[in-house]
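Q: Hey, I've just opened this one and don't know my way around yet. Can you walk me through it?

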Amino acid sequence: MQTLIYMIRHGESVGNQKRDFLGHTDLPITEKGEKQALAAADYLASIGFAPDAVYASPLCRAHKTALLALSKCSAPDPILLDGLREIYAGDWEGKNFDALDLEYPEERLVWREDIGHARPVGGEAVAELYGRVVSTVLTIAKENEGKTVFIGTHATPIRAVETYARGKSADLMCEVPWPSNASLSVYRFDGERLISLAYSYDEFMKDIDVDHSLLY
């Protein structure tokens with residue numbers, strides 16, 4: 001039996017708006033982020049989406065986005081899992097991108113050009129995030145065999161899952177682009193493999209500005 005997994009990245013957050021690296025810093029989504037999540041809700045309602053189980057990162061930007069995106073569907077309450085959190089950014093937590101570029105130029109270059117080998121100074125390595133997020137998603141898939149699951153999380157975790165679904169190790173995350181805010185990524189788990197069906201789908205936000213530039 002196959003498990004269908006929908007993942008949504010949080011809507012625009014205060015950190016996105018200010019160009020700050022949030023990591024585990026727990027700040028909410030903006031008014032625009034709420035509109036993005038509600039656009040996802042309209043889309044999900046239009047396809048008759050009704051998940052059997054819902055999971056989310058406990059960080060409020062991801063949790064709130066999941067609630068809004070499912071507000072027009074029949075869905076159970078989200079189960080909050082630490083394994084779905086964004087990367088822990090250590091000394092980078094809450095700092096502006098421009099300030100980070102000045103203070104940590106070498107590490108920031110690795111983050112931008114070879115993210116699979118990156119580690120925010122004093123924080124979690126991207127390879128470590130890859131391991132914990134993929135493990136969490138596979139556990140969710142196995143525990144919900146034959147069901148449809150919805151997951152609210154963050155950009156780096158979704159990028160890691162897409163990398164894994166493409167059959168690539170964390171070393172090759174640089175080959176996968178960032179997902180846009182409130183975009184949907186869809187996967188099928190067949191008991192052995194995680195298969196990517198759609199990545200960073202955001203056409204339902206045609207009337208809302210979506211930033212497709214590289215983040216972080």
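A: Sure. One term to begin with: a contact here means heavy atoms within 4.5 Å. Going by that, residues 24 or more positions apart account for 73% of the contacts in the protein chain with a separation of 6 or more. Keep in mind that this is a predicted model.

Q: Okay, how many helices and strands are there in the protein chain?

A: The protein chain has 7 helices and 8 strands.

Q: And what's its radius of gyration next to that of a compact globule?

A: The chain comes out at 16 Å, and a compact globule with 216 residues would have a value near 17 Å, so the two agree. The C-alpha atoms fill a box of roughly 50 × 40 × 25 Å along the principal axes.

Q: What about the surface, how much of it belongs to carbon and sulfur atoms?

A: Carbon and sulfur atoms hold 49% of an accessible surface of about 9300 Å². As for the residues, 52% of the 216 count as buried.

Q: Now the sheet. In what order do the strands come?

A: The order is 4-3-6-1-7-8, in an open sheet of 6 strands with mixed pairing. At the edges you find strand 4 (79-80) and strand 8 (194-201), each of which pairs on one side only.

Q: Remind me, what do strands of a sheet pair through?

A: Backbone hydrogen bonds, and the strands can be parallel or antiparallel.

Q: So which sense do strand 7 and strand 8 use?

A: Strand 7 (residues 184-189) and strand 8 are antiparallel, with 5 bridges between them. Across that pair, Y187 stands opposite S196, and F189 stands opposite L194.

Q: Which residue takes a positive phi in their hairpin?

A: That's G191, with a phi near 100 degrees; the hairpin has 4 residues between the strands.

Q: And how many bridges join strand 7 to strand 1?

A: There are 6 bridges, and those two strands run antiparallel as well. L4 stands opposite R188 of strand 7 there. Strand 7 is also mostly covered, with 5 of its 6 residues buried.

Q: Let's switch to helices. Which strands does helix 6 touch?

A: Helix 6 (residues 126-143) packs on the sheet and touches strand 1 (3-9), strand 3 (53-56), strand 6 (148-153) and strand 7. The direction of helix 6 makes about 140 degrees with that of strand 1.

Q: And helix 7?

A: Helix 7 (residues 155-165) packs on the sheet too, touching strand 1, strand 6, strand 7 and strand 8. Its direction makes about 140 degrees with that of strand 8.

Q: What sits in the largest nonpolar core?

A: That core has 39 residues, and those with the most contacts inside it are I5, M7, F21, W111, V137, I151 and Y187. Elements giving two or more residues include helix 4 (97-103), strand 3 and strand 8.

Q: Which element gives the most?

A: Helix 6, with 9 residues. Another core lies apart from this one; it has 18 residues, among them A39, L44, F150 and A182.

Q: Last one: is A155 buried or exposed?

A: A155 has 0% relative accessibility, and buried means under 20%, so A155 counts as buried. You'll find A155 in helix 7. A155 and I87 are 68 residues apart in sequence, yet 9.4 Å apart in space, C-alpha to C-alpha.

Conventions. Residues numbered from 1 in each chain as written. Predicted model: local features only at pLDDT ≥ 70, side-chain atom pairs only at ≥ 80, totals over all residues. Heavy atoms only, no water. Pairing = 2+ DSSP bridges. Axes fitted to C-alpha atoms, helices over the stretch in contact; angles between N-to-C directions. Core = buried A, V, L, I, M, F, W, Y, C linked by side-chain atoms within 4.5 Å. Buried < 20%, exposed > 50% of the residue type's maximum accessible area, 1.4 Å probe, protein only. Rg over C-alpha atoms; globule rule 2.2 N^0.38 Å. Areas by Shrake-Rupley, 256 points an atom, 1.4 Å probe, with all protein chains shown as cover.
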